[in-house]
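User: I would like a close look at a single part of this model, with each term explained as it comes up. Please take me through it slowly, since I am new to reading structures.

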Amino acid sequence: MSQVIRRLLWISSYSAAITVSACVSMSGRDSCIRTLARAGTSLADSRQDAGATVWQTQEMHRLNLGDFELSVFSDGTYPLDGGAFFGVIPKVMWSKKVAADERNYVTAGLNSLLIRTGKHTVLVETGMGNKLSDRMKKFYAQPAKLLENLSAAGVAPEDIDIVINSHLHFDHCGWNTVRDWNGNIVPTFPRAKYYAPEGEWQYARKPSERDAISYIPENYDPLVASGQMTLLKGGEEIVPGISVKTFRGHTASMQGIIVRGGQNPHFSQKQGEVGHPRDSSFVPTACYISDLIPTTAHIDVTWGMGFDLYPLDTIDSKKEYYARALPEKWLTVFTHDPNVPWAYIEKDESGKMVAKEAE
Ligand SMILES: [Zn+2]
């Protein structure tokens, strides 16, 4: 058994995912499908077994952004207290947008963005992962679907060249690392260069009592120690077309990931049909805005999360983001929306923010 396959076997505890992962790393998607057929199942079945809903598939959530290809992959969904999710917004208002269960939990998504630039395969955010403590699992259920969903689309951990974390809360960098057979923490994406905000890492070493539970050092400390994770000041271009920008509010140093796809006449023409500019200076742009605007229900500037450490700065940062993103028609990627992973945000005639779905 090759090292690659051995590695994949212990990464996942789900038999369907093991089969998919292993065969992808052996000889590609075709043999993968054949192997699954022999095992008496189909690729579609394996997705269903893994709890993946249709929208998580590459067919449903993939688009070309200029020369780049973007796809959304989910680590699953998890229950989150609705009051905490919407901060000071009264339930009579937020419950019109999002349904809560009898315990007041709403469903939150865990969306990662995969960018294929032609030269690099870049993964933005790595979900919740599979290393939660038993106590944390009681609250968050630990769906741990990201590797399965990547595998189902033919993406193996070894394919990822670059991993970018917007910040270091456990639900954004959980799959950065996994435990091996011996209990040692190792990188999930062995070939990848990892990036995260330096201010986040500094803060995570001595977090406040309020949000200390959100930081799990195993997700990043071993990568920083080995030199596999590079810490960012904010404003850096990581590869041509992919840069980061600090948006203070949720934390002091959270960064949005801005993707500029280059000029592609086909894209401009296609997007022009739904009101997007066709002029030659148009550069199709997307932004993974992370917890500054976690879902489409949070697009109003005053609808921040209770988790935000600096709620007034969240408002300022949203205004700063919209001042660019609206006139330039940026595609906004939502980290926690279980239904709409990306959309164009616009202002309607009454000045209200509306999310216009990209697909
Ligand atoms: Zn967060």
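Which residue in strand 11 does Val239 stand opposite?

Analyst: Val239 stands opposite Ile242 in strand 11, and this pair is a good place to begin a walk across the strands around it. Before that walk, two remarks on reading the model are needed. The model is predicted, so local features need pLDDT of at least 70 and side-chain atom pairs count only at pLDDT 80 or more, while totals for chains, interfaces and linings use all residues. Residues are numbered from 1 along each chain as its sequence is written, and side-chain values use heavy atoms, with hydrogens and water left out.

Strand 10 covers residues 237-239 and strand 11 covers residues 242-246, and the two run antiparallel, joined by two bridges. A strand here is a DSSP run of E with at least two residues, whereas a helix is a run of H or I with at least four, and both kinds are numbered from the N terminus. Two strands are said to pair if DSSP finds at least two bridges between them. With two residues between them, strand 10 and strand 11 form a hairpin, and in its turn Gly241 has a positive phi of about 95 degrees.

From strand 11 the walk goes on to strand 12, residues 255-260, which runs antiparallel to strand 11 and is joined to it by five bridges. One contact to look for is that of Ser243, whose bridge partner in strand 12 is Ile258. The loop between strand 11 and strand 12 holds Arg248. At 35% relative accessibility Arg248 counts as partly exposed; on this scale, buried means under 20% relative accessible area, exposed means over 50%, and partly exposed lies in between (1.4 Å probe, protein chains only). Although Arg248 and Thr314 are 66 residues apart in sequence, their C-alpha atoms are 6.4 Å apart in space.

Strand 12 in turn is joined by four bridges to strand 13, again with the two running antiparallel, and here Arg260 has Thr285 of strand 13 as its bridge partner. Strand 13 spans residues 285-288. Its side chains point in two directions, Thr285 and Cys287 one way and Ala286 and Tyr288 the other, and all of them are buried. Cys287 has a relative accessible area of 0%, so it is buried, and Cys173 is likewise buried, with a relative accessible area of 0%. A search of the whole structure finds zero disulfides, a disulfide being a pair of cysteine sulfur atoms within 2.5 Å.

The next step changes direction, for strand 13 and strand 14 (residues 331-333) pair in the parallel sense, over three bridges. Tyr288 is bridged to Val333 in strand 14. Ahead of strand 14, in the loop that comes after helix 13, you will find Lys329, which has a positive phi of about 55 degrees although it is not a glycine. Most residues other than glycine have a negative phi. Lys329 counts as partly exposed, at 27% relative accessibility. A second example lies elsewhere in the chain: Asn104 is not a glycine either, yet it has a positive phi of about 75 degrees. Asn104 sits in the loop between helix 6 (91-94) and strand 3 (105-116), and at 19% relative accessibility it counts as buried.

The loop after strand 13 also leads to the zinc ion, whose protein donors are His167 (NE2), His169 (ND1), His250 (NE2) and Asp291 (OD), at 2.1 to 2.3 Å from it. Donors are N, O and S atoms within 2.8 Å of the metal (3.2 Å for Na, K and Ca), and the site may look incomplete since water is not among the atoms. Along the sequence these donor residues follow the spacing H-x1-H-x80-H-x40-D. Distant parts of the chain are thereby linked, for His169 is in the loop between strand 5 (162-164) and helix 9 (170-173), while Asp291 is in the loop between strand 13 and helix 13 (311-325), 122 residues apart. His169 is buried at 6% relative accessibility, and Asp291 is buried as well, with a relative accessible area of 3%.

To retrace the path, start at the hairpin of strand 10 and strand 11, cross by the five bridges to strand 12, go on by four bridges to strand 13, and then either step across to strand 14 in the parallel sense or follow the chain into the loop that holds Asp291.
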